[in-house]
Amino acid sequence: MEIVSMKAEHWPAVSNIYQEGIATGIATFETQIPTYEVWDSSHMKSCRLVAIANTEILGWAALSPVSSRCVYGGVGEVSVYVSQKARGKGVGVKLMQKLIAESEAKGLWTLQSGIFPENVSSRRLHEKMGFRFLGTRERIGKKDGEWKDNVLYERRSKTVGLD
């Protein structure tokens, strides 16, 4: 397996994996896949990755800006999705390792994630990668007409943003 930069031509496989995440009901507030153009405009141009083995995309990770304000320019929100058939095989760890390295190379000092409390595997992945639990945003948004909580995780760089 190798981790490479995501390209526009990866979108069909990336969107299929995203759809698998949506179908779980615990990965995102999204209910349908956006067009590539919409997805592209809402994510940072750097730090977009795919995990590939034998030409098959097994997962993807990307960062979204948390704010348009320049003071938050070094903060990114993590998205990481792994194909159903590749879960539990270390794909998420490899994607996160590369995402963290690339984010620091691009000057980001903080990565954050909002995760549904019941998404235990995502929470474990984040904790394994050095993210710390910050707290719970109760009833932060509705999904299928029901209020949902979101737990916040944060990883501060040990090399960027220290001065």
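A search of the whole structure, which is a predicted model, finds 9 aromatic pairs. One of them joins W11 and W39. Their ring centres lie 5.4 Å apart, and the planes meet at 40°. That makes the pair tilted, because a tilted pair has planes neither under 30 degrees nor over 60 degrees apart. W11 belongs to helix α1 (residues 11-24), while W39 belongs to helix α2 (residues 36-41), so the pair ties together parts that are 28 residues apart in sequence. Are these two residues buried or exposed? Both W11 and W39 are buried. They also belong to one aromatic cluster, together with Y18, Y36, W60 and Y81.

Another ring has a charged partner. The charged end of K148 sits over the ring of F116, 4.8 Å from the ring centre.

Now the sheet. It is open and has 7 strands. Their order is β1-β2-β3-β4-β5-β7-β6, and the pairing is mixed. Which strands stand at the edges? They are β1 (2-5) and β6 (132-143). Each has a single partner strand, so one side of each is left without a neighbour in the sheet. From one strand to the next, the twist averages 30°.

Strands of a sheet pair through backbone hydrogen bonds, either parallel or antiparallel. Strand β4 (residues 75-82) and strand β5 (residues 110-115) pair in the parallel sense, over 3 bridges. Within this pairing, V75 stands opposite T110 in β5.

Two helices that pack on the sheet are set out here.

| Helix | Strands touched | Angle with the direction of β3 |
|---|---|---|
| α1 | β2 (48-53), β3 (56-65), β4 | about 80° |
| α3 | β1, β2, β3, β4, β5, β7 (146-156) | about 40° |

Helix α3 can be followed further. It covers residues 91-105, which makes 15 residues. From its first C-alpha to its last, α3 reaches 21 Å. That is close to the 21 Å expected at 1.5 Å a residue. Which residues of α3 are buried? They are V91, G92, V93, L95, M96, L99, I100 and S103. This same helix packs on the sheet. Just after α3 comes G107, with a positive phi of about 90°.

Put the pieces together. The tilted pair W11 and W39 links helices α1 and α2. Helix α1 in turn packs on the sheet, touching β2, β3 and β4. The sheet itself runs from β1 at one edge to β6 at the other.

Note on methods
Residues are numbered from 1 along each chain as its sequence is written. This is a predicted model: local features need pLDDT of at least 70, side-chain atom pairs count only at pLDDT 80 or more; totals for chains, interfaces and linings use all residues. Side-chain values use heavy atoms; hydrogens and water are left out. Rings of Phe, Tyr and Trp (its six-membered ring) pair if their centres lie within 6.5 Å; planes under 30 degrees apart count as stacked, over 60 as edge-to-face and the rest as tilted. Helices (H or I, at least four residues) and strands (E, at least two) are DSSP runs, numbered from the N terminus. Buried means under 20% relative accessible area, exposed over 50%, partly exposed in between (1.4 Å probe, protein chains only). A charge sits over a ring if NZ of Lys or CZ of Arg is within 6 Å of the ring centre and within 35 degrees of the ring normal. The expected span of a helix is 1.5 Å times one less than its number of residues. Two strands pair if DSSP finds at least two bridges between them. Axes are lines fitted to C-alpha atoms, for helices over the stretch in contact, and angles run from 0 to 180 degrees between N-to-C directions. Contact means heavy atoms within 4.5 Å.
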